[in-house]
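User: Please take a close look at the second largest pocket of this model. Which residues line it, and what surrounds it in the rest of the chain?

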Amino acid sequence: MKKILLIAALVAATATASAQFYVEGAIGYKQTKAKDAGDLTDSKYTVAPAVGYYLNDRFDVGVGLDLCGAKFEQGEGEAKQNDWSVAPFARYSFLQLGKFEVLAKLAVNYGQGKVDVTDEMAIKYSQFGVNLTPILAFNVCERIVLTTQLNFMSLGYNVFKDRDGDGKYTNFNIGVDSRNVITTGGARVPSELDVMTNPAMMFDAIINSGMGITATPGITVGFAYKF
């Protein structure tokens with residue numbers, strides 16, 4: 001029994017010695033203009049602070065807070081979006097070449113958001129998802145790491161729910177800019193008149209247009225500081 005306790009203590013001491021806390025911050029911005037869609041302008045930004053803990057030189061765990069905003073303009077119409085999500089995550093560095101690393105990040109996120117269509121109409125939604133995303137990292141020095149998260153290569157499963165109605169949609173997608181591979185719930189792209197007069201159809205438009213918590217810019221860049 002004493003030997004078992006001694007071995008457990010040595011393992012814990014080794015893990016603690018090799019572990020290291022860190023704080024991380026990332027930002028992203030994207031603007032898209034589509035003339036073939038009625039001069040649609042789509043602008044998105046993301047601010048994503050996080051804290052984490054290195055278990056060893058390849059594996060770390062943490063939790064992040066994603067704050068997102070978007071503005072959609074088409075003709076005289078305009079919609080604004082704001083949302084947040086909390087995402088515990090685990091990352092594994094599967095390729096290390098000198099100061100460069102390639103990591104895989106698995107995150108489970110939950111959040112809520114709102115889209116203001118007019119002064120009288122607002123669509124509130126919640127979302128739960130599991131997403132796997134590749135990350136490129138460069139170790140500037142012992143304590144500072146630069147990161148680039150490749151959201152456009154992410155693999156995700158997400159469930160959206162209209163908080164004020166019965167709308168609920170589940171999708172499996174590859175990349176934030178790609179169409180859903182599988183979608184259930186009967187979402188469709190409504191006409192502009194439908195969107196402005198029917199909140200349920202507006203929720204359809206939110207899902208189909210890629211708005212929502214998973215609609216982050218294709219790339220987010222940041223840095224981490226190790227304590």
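**The second largest pocket and its setting**

Analyst: Of the 227 residues of this chain, 38% count as buried, and the model that shows them is a predicted one. The chain contains three helices and eleven strands, and, read from the N terminus, its elements follow the order α-β-β-β-β-β-β-β-β-β-β-α-α-β. Among contacts between residues at least 6 apart in sequence, 57% join residues at least 24 apart. The exposed area of the chain comes to about 12,800 Å², of which carbon and sulfur atoms supply 63%.

Within this setting, the second largest pocket has a volume of about 210 Å³. It is lined by 17 residues, and those closest to its centre are Tyr-54, Asp-57, Glu-101, Asn-139 and Lys-226. Sorted by class, the lining consists of four nonpolar, seven polar and six charged residues. At least two lining residues come from each of the strands β4 (77-97), β5 (100-116), β6 (122-139) and β7 (144-150), and the largest share, three residues, belongs to β4.

Tyr-54, one of the residues closest to the centre of the pocket, is also a member of the largest nonpolar core, which it forms together with Tyr-22, Ala-50, Ala-87, Phe-89, Leu-103, Ala-107, Ile-135, Ala-137, Val-145 and Ala-224, eleven residues in total. Two or more residues of this core are given by each of β2 (40-54), β4, β5 and β6, and β4, β5 and β6 are also among the strands that supply at least two residues each to the lining of the pocket. In soluble globular proteins, nonpolar side chains tend to be buried together.

Leu-103, a member of this core, has contacts that can be followed in detail: beyond its neighbours within four places in sequence, Leu-103 touches Asp-60, Arg-91, Tyr-92, Ser-93, Phe-94, Thr-133, Pro-134, Ile-135 and Ala-137. Of these partners, Ile-135 and Ala-137 are themselves listed in the largest nonpolar core. Apart from that core lies another one, of eight residues, which include Phe-72, Val-115, Val-117 and Ile-123.

One further residue deserves mention, namely Cys-68, which lies in strand β3 (residues 59-74). Cys-68 counts as buried because its relative accessible area is 6%, where the cut-off for buried is under 20%. Between Cys-68 and Val-47 there are 6.5 Å in space, C-alpha to C-alpha, although the two are 21 residues apart in sequence.

Notes: Residues numbered from 1 in each chain as written. Predicted model: local features only at pLDDT ≥ 70, side-chain atom pairs only at ≥ 80, totals over all residues. Heavy atoms only, no water. 1 Å grid on protein atoms, 1.4 Å probe; cavity = no way out; pocket = protein on both sides within 12 Å on 5 of 7 lines; lining within 4 Å. Points joined across faces, edges and corners; volume = space filled by probe spheres on them. Helix = DSSP H or I, 4+ residues; strand = E, 2+ residues; numbered from the N terminus. Nonpolar A, V, L, I, M, F, W, Y, C, P; charged D, E, K, R; others polar. Buried < 20%, exposed > 50% of the residue type's maximum accessible area, 1.4 Å probe, protein only. Contact = heavy atoms within 4.5 Å. Areas by Shrake-Rupley, 256 points an atom, 1.4 Å probe, with all protein chains shown as cover. Core = buried A, V, L, I, M, F, W, Y, C linked by side-chain atoms within 4.5 Å.
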